[in-house]
Amino acid sequence: MNRDYGLCLWTFGDISLEEKCKLAKEIGVDGVEVQGDLTQSPVELKALLNKYDLKVLSVTPDNVDISSANEKVRSSAVQYFLELLNWAQELGAKRICLHGDVGKMQGSGDLSKDWELLVDSSSMVVRKAEEFGIEVVFEVLNRYENHQIVTAKEALSLIDEVGSKNLKVLLDAYHMNIEESCPIQALKDAGDKLGVYHVADSNRQGVGDGHSDLKGQVTALYEIGYEGPIIMEMVAEGPNPFTPVKDGNYLDIVVSYYKDSLKQLREWDAVKVNA
């Protein structure tokens with residue numbers, strides 16, 4: 001299996017985009033998850049990624065509220081995603097991520113209404129994505145980041161209601177550590193609906209720095225026939241990962257996580273591929 005390995009560019013913090021690409025190239029990943037910043041020229045971004053021989057594995061969105069009970073807020077959020085699809089197509093991206101408003105830990109008080117709004121908004125985004133042939137992956141977060149879709153089971157219910165092959169699920173090892181009784185089973189339940197796998201240990205640091213059974217999760221990916229990318233999303237420890245508690249430059253810490261984790265993930269994956 002010729003799998004792509006990547007990382008999320010946002011984890012490098014407030015440095016230039018070119019510096020981020022240089023670091024990604026140095027780490028040795030095949031591609032990156034870019035931020036869906038509509039003020040950034042997709043043509044210029046594409047040229048920069050090509051310069052460092054990096055693929056666009058996914059596009060992570062701005063923080064907008066697609067299930068807001070406020071129609072103006074919700075319409076604005078949906079419009080952002082519709083524009084993001086145009087931007088992604090110009091960039092040459094084959095996949096964008098969709099998720100709820102990070103930091104919104106409770107809805108309107110009407111669960112049925114909130115769900116209906118989420119389904120409607122997601123459907124509008126996915127319909128346009130179908131026209132472009134772009135895959136949409138709904139990222140499952142945790143209860144401390146959003147009140148909706150915090151398990152694989154909930155994401156699969158959303159996919160069923162939207163009713164499109166273009167909508168899949170993004171499962172993240174860090175979020176699953178909080179919400180799933182068994183992350184390995186969650187991956188198996190997702191099966192062919194899994195579009196992207198994000199990986200970090202239980203503390204969102206490097207592989208082996210926490211208690212998650214990440215080797216078991218990689219094995220599960222093999223068992224379900226998942227051929228999509230493995231995208232690392234790791235940060236330095238502390239309440240603000242860009243100013244870590246321990247001495248040292250946060251970039252040095254994160255780069256170290258990525259290099260060591262990439263080596264380990266490839267070793268685990270290679271064993272399964274060659275089995």
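Colleague: Which residue of β7 stands opposite Leu171?
Modeller: In this model, which is predicted, Leu171 stands opposite Tyr197 in β7.

Colleague: What makes us say that β6 and β7 pair?
Modeller: Two strands are said to pair when at least two bridges are found between them, and β6 and β7 are joined in the parallel sense over four bridges. Four bridges satisfy that requirement, and therefore β6 and β7 count as paired.

Colleague: How do you know that β7 and β8 pair as well?
Modeller: Strand β7 (residues 194–199) and strand β8 (residues 230–232) share three bridges in the parallel sense, and as at least two are required, these strands are paired too. Looking at single positions, His198 has Ile231 in β8 as its bridge partner, while Val199 stands opposite Met232 in β8.

Colleague: And β4 with β5, over how many bridges do they pair?
Modeller: Strand β4 (residues 95–98) and β5 pair over four bridges, again in the parallel sense, and within that pairing Ile96 stands opposite Val136 in β5.

Colleague: In what order do the strands of the open sheet stand?
Modeller: The open sheet has eight strands in the order β3-β2-β1-β8-β7-β6-β5-β4, with parallel pairing. β3 (55–60) and β4 each have a single partner strand, which means that they stand at the edges and that one side of each is left without a neighbour in the sheet. From one strand to the next, the twist averages 30°.

Colleague: Why is β7 described as largely enclosed by the rest of the structure?
Modeller: A residue is called buried when its relative accessible area is under 20%, and six of the six residues of β7 are buried, so the strand is largely enclosed by the rest of the structure.

Colleague: What makes β5 a mostly covered strand?
Modeller: Five of the five residues of β5 (residues 135–139) are buried. Glu135, Val137 and Glu139 point one way from the strand, whereas Val136 and Phe138 point the other way, and all are buried. This fits a common pattern: in a regular strand, side chains alternate between the two faces of the sheet.

Colleague: Why is helix α8 said to be largely enclosed?
Modeller: Helix α8 (residues 214–223) has ten residues, of which seven are buried, so the helix is largely enclosed by the rest of the structure. The buried residues are Leu214, Gly216, Gln217, Val218, Thr219, Ala220 and Leu221. After α8 comes Gly225, which has a positive phi, near 75°.

Colleague: How do you know whether Thr151 is buried or exposed?
Modeller: Thr151 has a relative accessibility of 17%, and the limit for buried is under 20%, so Thr151 counts as buried. Thr151 lies in the loop between β5 and α5 (152–162), and, when residues up to four places away in sequence are not counted, Thr151 touches Val140, Glu179 and Glu180.

Colleague: What relative accessible area does Ala77 have, and what do we call it on that basis?
Modeller: Ala77, which is placed in helix α3, has a relative accessible area of 2% and is therefore buried. Leaving aside neighbours within four places in sequence, Ala77 is in contact with Val64, Asp65 and Ile66.

Colleague: Why are α1 and α2 called roughly parallel?
Modeller: The axes of helix α1 (residues 17–27) and α2 come within 10 Å and cross at roughly 30°. Angles under 35 degrees count as roughly parallel, and therefore α1 and α2 are described that way. The contact is made by Leu17, Glu18 and Cys21 of α1 together with Leu45, Leu48, Leu49 and Lys51 of α2, and by class it has five nonpolar, no polar and two charged residues.

Colleague: What makes α2 and α3 oblique to each other?
Modeller: The axes of helix α2 (residues 42–51) and helix α3 (residues 71–91) come within 8 Å and cross at roughly 40°. Roughly parallel would need an angle under 35 degrees, and roughly perpendicular would need 65 to 115; the angle of roughly 40° fits neither range, and α2 and α3 are therefore oblique. The crossing is right-handed. Pro42, Val43, Leu45, Lys46 and Leu49 in α2 meet Trp87, Glu90 and Leu91 in α3, a contact with six nonpolar, no polar and two charged residues.

Terms used: Residues are numbered from 1 along each chain as its sequence is written. This is a predicted model: local features need pLDDT of at least 70, side-chain atom pairs count only at pLDDT 80 or more; totals for chains, interfaces and linings use all residues. Side-chain values use heavy atoms; hydrogens and water are left out. Axes are lines fitted to C-alpha atoms, for helices over the stretch in contact, and angles run from 0 to 180 degrees between N-to-C directions. Helices (H or I, at least four residues) and strands (E, at least two) are DSSP runs, numbered from the N terminus. A crossing is left-handed if the near helix is turned anticlockwise from the far one by less than a right angle, and right-handed if clockwise. Contact means heavy atoms within 4.5 Å. Ala, Val, Leu, Ile, Met, Phe, Trp, Tyr, Cys and Pro count as nonpolar, Asp, Glu, Lys and Arg as charged, and the others, Gly among them, as polar. Buried means under 20% relative accessible area, exposed over 50%, partly exposed in between (1.4 Å probe, protein chains only). Angles under 35 degrees count as roughly parallel, over 145 as roughly antiparallel, 65 to 115 as roughly perpendicular and the rest as oblique.
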